[in-house]
Amino acid sequence: MDKLFTAINVGNYSLAHRIVLAPMTRLRTIQPDDIPSPMMADFYGQRASDGGLVIIEGTSISITARSYLGAASFFHDGQVEGWKAIADAVHAKGGRVFMQLIHGGRQSHVEMTGGVAPVAPSVVPFGGVALTKDGFVPASPHRALELDEIPGIVEDFRIAAQLALDAGYDGVELHGANGYLVDQFIQDGTNKRTDAYGGSVDKRVRFLRESVEALISVWGKDRVGVRISPSGEWGGISDSNPEATFSHVAKVLNDYQIAYLHVIEPRVKGDDTLHDGHPPVACSYLRPHFKRPIIAAGGFNGDGAVAIVNSGDADMVAFGRHFTSNPDLPYRLKHKLPLTPYVRAGFWGGDETHYSNFPTYDAESKR
Ligand SMILES: Cc1cc2nc3c(=O)[nH]c(=O)nc-3n(C[C@H](O)[C@H](O)[C@H](O)COP(=O)(O)O)c2cc1C
C-alpha cells in the first residue's frame with residue numbers, strides 16, 4: 001500500500017492516513033456576528049474520516065483581524081455553540097480537527113475592522129483586496145503597528161487558542177502563510193521595521209515566535225501547527241531570499257517541536273490557479289530543517305500526493321479544491337475512483353449549493 005494511506009503520529013494523535021482537509025475560507029458564517037452556520041458543521045462533518053485530519057478555515061482572532069465579510073472568526077461568546085457543533089461533527093466521524101487562527105493584517109478594510117485602519121508591520125503600498133458588503137474592494141490604507149501594540153495581538157492569538165480548546169478542538173494552526181499578518185512580519189518585502197521585529201531574519205520571525213509561544217502556552221507543543229507559503233504571491237507578499245528566510249523559519253519551528261509544519265508550495269499563485277508544470281520545491285529544501293511531520297499543500301492530485309510522501313519530502317498532503325467537491329476524497333484516492341470536478345462559483349459565499357451538497361462516490365453511484 002502507498003505510504004499516503006498508512007498511519008502516522010502527529011503530536012499527540014495517531015492518524016489513520018495522511019490526507020488532510022486544507023483550510024478553506026468559504027464565507028458561510030451567519031452575519032452580522034460571524035456565527036458558524038449549521039451548513040458549516042455539515043461540510044466539515046462530511047469531510048471528516050475515521051482517523052483523518054481536518055483543518056478549519058482561517059478564523060480571525062479579533063474584529064480588527066478580519067478581512068472578508070462572511071469569513072470565520074472566534075472572539076465572542078455568541079460563536080461558542082456554532083464552533084462546538086463543528087468540532088462535534090468531525091469527532092462523530094472519528095476525525096481530528098485543528099482550527100486555523102488568522103490575523104489579516106493589511107489585507108483588510110475599515111468596514112471589516114470596526115472602522116479602524118488595518119495594521120501591518122510597516123506601511124508598504126498594497127494593491128490587494130478585502131471583501132465587504134460591496135463585494136471585493138481595494139484594501140483600506142494600513143498603518144504600521146506601534147511597538148507597544150504587538151503584545152496585544154499576541155494575546156488575541158492566545159485567547160482565540162483558549163476558545164478553541166474550550167470548544168472541543170484537537171489543536172490549532174497558526175496562519176503564517178498567504179501574505180497575512182504573520183507572513184507580513186516574516187518577509188522583507190512587507191517588513192521594513194528597524195526595531196526588535198524587523199531587519200535580520202531572526203528579528204522578522206520574532207512575531208511568529210511570540211505567536212507560536214502564545215498558542216503553545218494554551219495547547220502544549222504537540223497540538224500546535226504552523227502554515228507557511230514560501231515564495232507565495234497572494235497578498236502582494238515577497239522576500240528577497242525566500243529559501244534562506246523559510247529555512248530559518250523551519251529551524252525555529254523545529255526547535256519548538258510543534259506538531260507539524262504545513263507548507264504551501266509556490267506553484268500555487270493564490271488566485272486559484274497554478275504555475276503550470278512547476279514541481280513542488282519548498283518541502284524539499286525545508287525537509288532537512290524540520291524533523292517532525294511536514295504537510296505539503298498546493299496543486300496535488302492523487303499521484304502527486306503519493307509521490308511526495310514516498311519521496312520523504314513531506315509526510316502528509318493537504319487538499320483544498322478537490323476536497324470541496326469530493327467529501328470522501330481519502331476513500332476516492334485510495335481506491336482510484338474518479339473525482340467530481342470542483343465548482344469555483346461556489347467557493348466564496350452562498351448556500352449549501354456547491355458546498356455541503358456534493359455526494360460521496362457511493363451515494364452517487366447508487367443514484
Ligand atoms: C476557496 C478557498 C479558500 C481558501 N482559504 C484558505 C484559508 O482560509 N487559509 C489558508 O491557509 N489557505 C486557504 N486557501 C488555500 C488552500 O488551503 C490551499 O493551499 C490551496 O487551495 C491549494 O491547494 P489545492 O491545489 O489542493 O486547492 C484557500 C483556497 C481556496 C480555493
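Colleague: Which residue in β14 is the bridge partner of valine 263?

Modeller: In β14 that partner is alanine 296. Bear in mind that this is a predicted model.

Colleague: How do you know that β13 and β14 count as paired strands?

Modeller: Pairing takes at least two bridges between the strands. Strand β13 (residues 260-264) and β14 have four, in the parallel sense, so they pair.

Colleague: And what makes β14 and β15 a pair?

Modeller: Three bridges, again parallel. One of the partnerships there joins alanine 297 to alanine 318 in β15.

Colleague: Which residues show that both faces of β14 are covered?

Modeller: Ile294 and Ala296 lie on one side, Ile295 and Ala297 on the other, and all are buried.

Colleague: Ile295 makes me think of the interior. Which residues have the most contacts inside the largest nonpolar core?

Modeller: Val263, Ile295 and Val317, in a core of 92 residues. The element that gives the most to this core is helix α3 (residues 150-166), with seven residues. There is also a second, separate core of nine residues, with Leu69, Ala71, Ala130 and Ala139 among them.

Colleague: What does valine 317 touch?

Modeller: Setting aside residues up to four places away in sequence, valine 317 touches Leu4, Arg18, Ile19, Val20, Ile295, Ala296, Phe300, Ala305, Ile308 and Val309.

Colleague: Val20 is in that list. Why is valine 20 called buried?

Modeller: The cut-off for buried is 20 or more other C-beta atoms within 10 Å. Valine 20 has 27, so it is buried. You'll find valine 20 in strand β3 (residues 19-21).

Colleague: What is valine 20 in contact with, leaving aside its neighbours within four places in sequence?

Modeller: Leu53, Ile55, Ile295, Met316, Val317 and Ala318. Glycine 114 is another matter: its C-alpha is separated from that of valine 20 by 34 Å, with the two positions 94 residues apart along the chain.

Colleague: Ala305, Ile308 and Val309 touch valine 317 too. Which residues of helix α9 are buried?

Modeller: In α9 (residues 302-311) they are Gly302, Ala305, Ile308 and Val309.

Colleague: How do you know that those buried residues are on the same side of α9?

Modeller: They cover an arc of only 135 degrees around the axis, which puts them on the same side. As background, an α-helix has 3.6 residues a turn, so residues three or four places apart point the same way.

Colleague: What is on the face of α9 turned away from the buried side, and what covers the buried residues?

Modeller: The face turned away carries the exposed residues Asp303 and Asn310. The cover over the buried residues includes α8 (282-286), β14 (294-297), β15 (316-319) and α11 (329-334). After α9 comes glycine 312, with a positive phi near 90 degrees.

Colleague: Glycine aside, what makes the phi of aspartate 34 worth a look?

Modeller: Aspartate 34 has a phi near 55 degrees, a positive value in a residue other than glycine. Most residues other than glycine have a negative phi, and most peptide bonds are trans. Glutamine 257 also has a positive phi, about 55 degrees, although it is not a glycine.

Colleague: Why is aspartate 34 called buried, and why is glutamine 257 called partly exposed?

Modeller: Aspartate 34 has 23 C-beta neighbours inside 10 Å, and with a cut-off of 20 or more that counts as buried. Glutamine 257 has 13; exposed would be 12 or fewer, so glutamine 257 counts as partly exposed. Aspartate 34 lies in the loop between β3 and α1, while glutamine 257 lies in the loop between α7 (242-256) and β13.

Colleague: Where is the cis peptide bond that involves proline 32?

Modeller: It joins glutamine 31 and proline 32, with omega about 10 degrees. Proline 32 lies in the loop between β3 and α1 (38-47).

Colleague: Methionine 24 is in the loop between β3 and α1 as well. Why is methionine 24 called partly exposed?

Modeller: Methionine 24 has 19 C-beta neighbours inside 10 Å, and buried needs 20 or more, so methionine 24 counts as partly exposed. Leaving aside neighbours within four places in sequence, methionine 24 is in contact with Glu57, Gly320 and Thr324.

Colleague: Which residues come nearest to the ligand?

Modeller: Of the 23 around the ligand, Ala22, Thr25, Gly58, Gly320 and Arg321 come nearest. The elements giving two or more residues to that shell are β4 (53-60) and α10 (321-325). The shell divides into ten nonpolar, nine polar and four charged residues.

Note on methods:
Residues numbered from 1 in each chain as written. Predicted model: local features only at pLDDT ≥ 70, side-chain atom pairs only at ≥ 80, totals over all residues. Core = buried A, V, L, I, M, F, W, Y, C linked by C-beta atoms within 7 Å. Contact = placed C-beta atoms within 7 Å. Near = placed C-beta within 6 Å. Nonpolar A, V, L, I, M, F, W, Y, C, P; charged D, E, K, R; others polar. Arc of directions from axis to C-beta.
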